[in-house]
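Let's take a walk through this structure together, strand by strand and then into its empty spaces. Keep the 3D view open as you read.

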Amino acid sequence: MSKVSIITAKEAANMVTDGMTVTMSGFVASGLPEALAKALENRFLETGSPKGLTLFYAAALGNRDGSGADHFAHEGMTRRVIGGHWNMAPNLGKLVLENKIEGYNLPQGTLSQLFRDIAAHRIGTITHVGLNTFADPRIEGGKLNNISKDNLVEVVNLLGEEKLLYKSIPVDLALIRGTYADEHGNITLERECASLEITSIAQAAKNSGGKVIVQVEKVVAAGSLDPKLVKIPGIYVDAVVVCEDPKDHEQCVGCAYDASMAGNIRLPLDSLAFPKLSAKKVIGRRAAMELKENSVVNLGIGIPEYISMVANEEGIGDYMTLTVESGPIGGIPQGGPKFGGSVNPEAVIDQPYQFDFYDGGGVDYAFLGLAQADACGNINVSKFGSRIAGCGGFINITQNAKRVFFCGTFTAGGLAVAFEDGSLKIVQEGSQKKFIEQVQQITFSGAYAQRTGQPVLYITERAVFELKQDGVYLTEVAPGIDVQTQVIDQMGFTPKTDGAPKLMDARIFREELMGLS
């Protein structure tokens with residue numbers, strides 16, 4: 001093999017031409033090739049070139065601070081963005097809302113799998129994921145504004161079954177991040193917290209006739225890397241850039257390197273701090289009561305993280321194996337800018353394979369957030385007024401888990417609660433209703449769940465609801481809560497009931513341990 005070209009980030013940026021379709025690695029604030037993205041942004045700001053780019057990525061890219069995908073957030077530089085999640089790149093979202101660039105939001109897991117199909121020159125990815133959600137072309141087709149006209153998704157019928165076809169998108173340039181490159185361009189990830197879909201996007205670019213540029217910490221001698229650790233073979237790589245500024249190669253943006261997230265050490269977990277009783281912990285406790293031994297679990301970010309805390313506090317943390325869509329299996333999933341990594345993972349697989357497992361029903365229990373719910377059992381976590389959040393892996397996970405639980409406070413915007421002798425008191429009601437007549441966007445389809453017979457619960461601090469074949473039922477209410485004034489009157493629809501709802505377990509609302517073990 002010949003030696004790989006080692007160039008500067010500025011030289012890499014000069015390889016980009018007008019109209020290219022560019023993809024970039026990353027998951028929220030980790031795995032971002034910041035030196036490459038910055039150099040490309042600087043070139044545009046200095047010269048007005050390149051123009052009319054399409055940015056195509058699977059997961060969220062950035063930390064809401066101008067990093068990641070927001071380096072492309074310039075009118076004229078970018079023509080179209082196709083992404084799985086938008087919330088971490090607010091400047092891009094603003095351009096979409098102003099109809100200055102085209103925008104598409106499609107399921108993250110399906111996009112990560114689509115890179116494999118692009119690499120293999122398949123017509124696209126054919127899947128049930130997204131049916132009856134906003135990704136379905138009969139609803140919105142993933143289009144985020146009026147100028148996004150192309151249909152990237154089509155309904156197809158195969159062997160009598162309705163599926164969605166997510167069409168292939170040739171990739172001209174892949175900007176990827178690794179840890180080490182050897183002189184032949186072989187890339188390893190020793191200090192990264194996930195391998196994501198970097199192998200697939202490198203293959204997709206190479207087989208599309210495009211270029212692959214990889215940002216690394218350093219170049220080492222040929223033959224010094226363990227071949228079993230090589231995630232991108234040198235035959236895929238056109239150029240390597242050694243990152244000069246350590247801040248452009250942080251494991252997670254703004255965070256110190258954590259060897260336990262890279263699988264290089266293991267941390268003792270017996271000193272974990274457990275949260276005090278709150279509305280969020282109450283929700284985590286009620287949800288944790290659903291856990292069974294030897295279950296495979298996916299936890300969303302936010303309130304669902306409390307389920308892991310409660311389970312460990314109660315001594316049933318080993319009931320479940322926690323997974324993260326980015327690839328970690330086992331260990332303790334992290335939040336904030338570290339979301340996507342886990343401390344002490346047992347395994348880390350590529351993101352497309354994780355979603356293969358998810359899409360096929362491999363997750364026993366999925367606990368996800370609850371931003372808006374409606375009378376049909378639909379959930380919206382992806383679009384709120386003028387804010388584009390995006391679906392991320394939410395559609396893949398919730399549509400396919402054996403059981404799904406949506407966890408969130410009953411109202412938002414100033415909710416305050418108190419606890420007294422095993423009962424709940426509402427000190428101040430939230431100003432925003434979460435249970436409304438019709439959600440703004442369908443990220444989870446109640447109709448699809450009813451058709452497939454999927455069990456669905458909606459867990460809040462004061463009430464629990466269940467989706468049945470004929471609608472949403474109020475099944476449980478917290479001690480101390482008046483059903484009419486503090487539940488039904490605070491909703492945009494009247495839930496069904498099958499007799500009086502039962503009381504939630506009083507242990508949930510006391511400071512002492514519940515005794516779940």
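Start with strand E4, residues 78–83, in this predicted model. Five of the six residues in strand E4 are buried, so that strand is mostly covered, given that buried here means under 20% relative accessible area. Who sits beside it? On one hand there's strand E3, residues 53–56, which runs parallel to E4 and is joined to it by four bridges. You can find the pairing residue by residue: Leu 53 has Thr 78 of E4 as its bridge partner, and Leu 55 stands opposite Val 81 in E4.

E4 also pairs with strand E5, residues 102–105, again in parallel and again through four bridges. Look for Arg 80, which stands opposite Glu 102 in E5. To get from E4 to E5, the chain passes through helix H3, residues 90–97, and this β-α-β crossover is right-handed.

Now zoom out a little. How many strands form the open sheet that runs from E1 to E5? There are eight, in the order E1-E15-E12-E9-E2-E3-E4-E5, and the pairing is parallel. Strand E1 (5–7) and E5 are at the edges; each has a single partner strand, so one side of each has no neighbour in the sheet. From one strand to the next, the twist averages 20°.

There's another open sheet to pick out, built from three strands in the order E24-E23-E32, and here the pairing is mixed. Its edge strands are E24 (379–380) and E32 (435–436), each of which pairs on one side only. Strand E23, residues 372–374, runs antiparallel to E24, and two bridges join them. If you want a spot to click on, Ala 373 stands opposite Ile 379 in E24.

On to the empty space. Rolling a probe the size of a water molecule over the atoms shows where empty space is left. The largest pocket comes out at a volume of about 800 Å³. Its lining takes in 34 residues, and the closest to the pocket's centre are His 85, Asn 87, Ile 301, Gly 302 and Val 381. Which elements give two or more residues to that lining? They are strand E22 (365–369) and helix H9 (394–400). As for chemistry, the lining of the largest pocket divides into 19 nonpolar, 12 polar and three charged residues.

There's closed-off space too: the structure holds one cavity of 30 Å³ or more. About 70 Å³ of space lies in the largest cavity. Its lining is made up of Ser 25, Ser 30, Gly 31, Arg 177, Leu 189, Glu 192, Cys 193, Ala 194, Leu 196 and Ile 198. Sort those lining residues by type and you get five nonpolar, three polar and two charged.

Finally, head for the loop between helix H11 (483–486) and strand E36 (502–503), where you'll find Thr 494. Is Thr 494 buried or exposed? Its relative accessible area is 62%, and the cut-off for exposed is over 50%, so Thr 494 counts as exposed. Thr 494 and Tyr 473 are 21 residues apart along the chain, and 9.1 Å separates their C-alpha atoms.

Note on methods
Residues are numbered from 1 along each chain as its sequence is written. This is a predicted model: local features need pLDDT of at least 70, side-chain atom pairs count only at pLDDT 80 or more; totals for chains, interfaces and linings use all residues. Side-chain values use heavy atoms; hydrogens and water are left out. On a 1 Å grid over the protein atoms alone, a cavity is a set of points where a 1.4 Å probe fits but cannot get out, and a pocket is an open set with protein on both sides within 12 Å along at least five of seven lines; lining residues have an atom within 4 Å of a point. Grid points are joined across faces, edges and corners, and a volume is the space filled by probe spheres set on the points. Ala, Val, Leu, Ile, Met, Phe, Trp, Tyr, Cys and Pro count as nonpolar, Asp, Glu, Lys and Arg as charged, and the others, Gly among them, as polar. Buried means under 20% relative accessible area, exposed over 50%, partly exposed in between (1.4 Å probe, protein chains only). Two strands pair if DSSP finds at least two bridges between them. A crossover is right-handed if, with the strands pointing away from the viewer, the path from the first strand over the helix to the second runs clockwise. Axes are lines fitted to C-alpha atoms, for helices over the stretch in contact, and angles run from 0 to 180 degrees between N-to-C directions.
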